[in-house]
Amino acid sequence: MSDCLFCKIRDGEIQGDIVFEDDDVLAFNDVNPHAPVHVLIIPKKHISTVNDMSAEDVSVMGKLFSTAKNIALQRDVSEDGYRLVVNSNKQAGQSVFHIHMHLLGGNKLGPMVDRID
């Protein structure tokens, strides 16, 4: 059994507020949002950090961006703008070691916050 929080959400062991799911990607609302729209988008395959990606993971990472675009359209933030954030490793603010993309929008976003985990 994995101790990865996002794997547990993926596997249904922990309830997540799922907004999108397909064979490769899962997206759910952040439990501690930093913006009116704050969605986490993950590959279903466990990949700890960007540094751990292999050549076979490139396709799923593209799917994360495509999913972000579609969610931004659905949440009506695509026209005004939104931010995508991927942290890699502890000093960058990564606290869950399963690659994830933050989609933030819904208001004017200022300079990057010190930390979005």
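1. A quick definition to start: patches are built from residues with over 30% relative accessible area and no salt bridge (a side-chain nitrogen of Lys or Arg within 4 Å of a carboxyl oxygen of Asp or Glu), with nonpolar side chains (Val, Leu, Ile, Met, Phe, Trp, Tyr) joined within 5 Å. By that rule, Phe65, Tyr82 and Leu84 make a nonpolar surface patch of about 260 Å².

2. Keep in mind that this is a predicted model, where local features need pLDDT of at least 70, side-chain atom pairs count only at pLDDT 80 or more, and totals for chains, interfaces and linings use all residues. Numbering runs from 1 along each chain as its sequence is written, and side-chain values use heavy atoms, with hydrogens and water left out.

3. Phenylalanine 65 sits in helix α2 (helices are DSSP runs of H or I, at least four residues; strands are E, at least two). At 47% relative accessible area, it is partly exposed (buried is under 20%, exposed over 50%, partly exposed in between; 1.4 Å probe, protein chains only).

4. Threonine 67 is also placed in α2, residues 58–74, but counts as buried at 6% relative accessibility. Beyond its neighbours within four places in sequence, threonine 67 contacts (heavy atoms within 4.5 Å) Phe20, Val25, Ala27 and Ile41.

5. Now the largest nonpolar core (buried Ala, Val, Leu, Ile, Met, Phe, Trp, Tyr and Cys joined through side-chain atoms within 4.5 Å): it has 16 residues, and Val39, Ile41, Leu64, Ile71 and Leu103 touch the most other members. β2 (25–29), β3 (37–43), α2 and β5 (101–105) each supply at least two residues, with α2 giving the most, six.

Key. Patches are made of residues with over 30% relative accessible area and no salt bridge: like charges are joined within 9 Å, nonpolar side chains (Val, Leu, Ile, Met, Phe, Trp, Tyr) within 5 Å. Accessible areas come from the Shrake-Rupley method with a 1.4 Å probe; for residues, only the protein chains shown count as cover.
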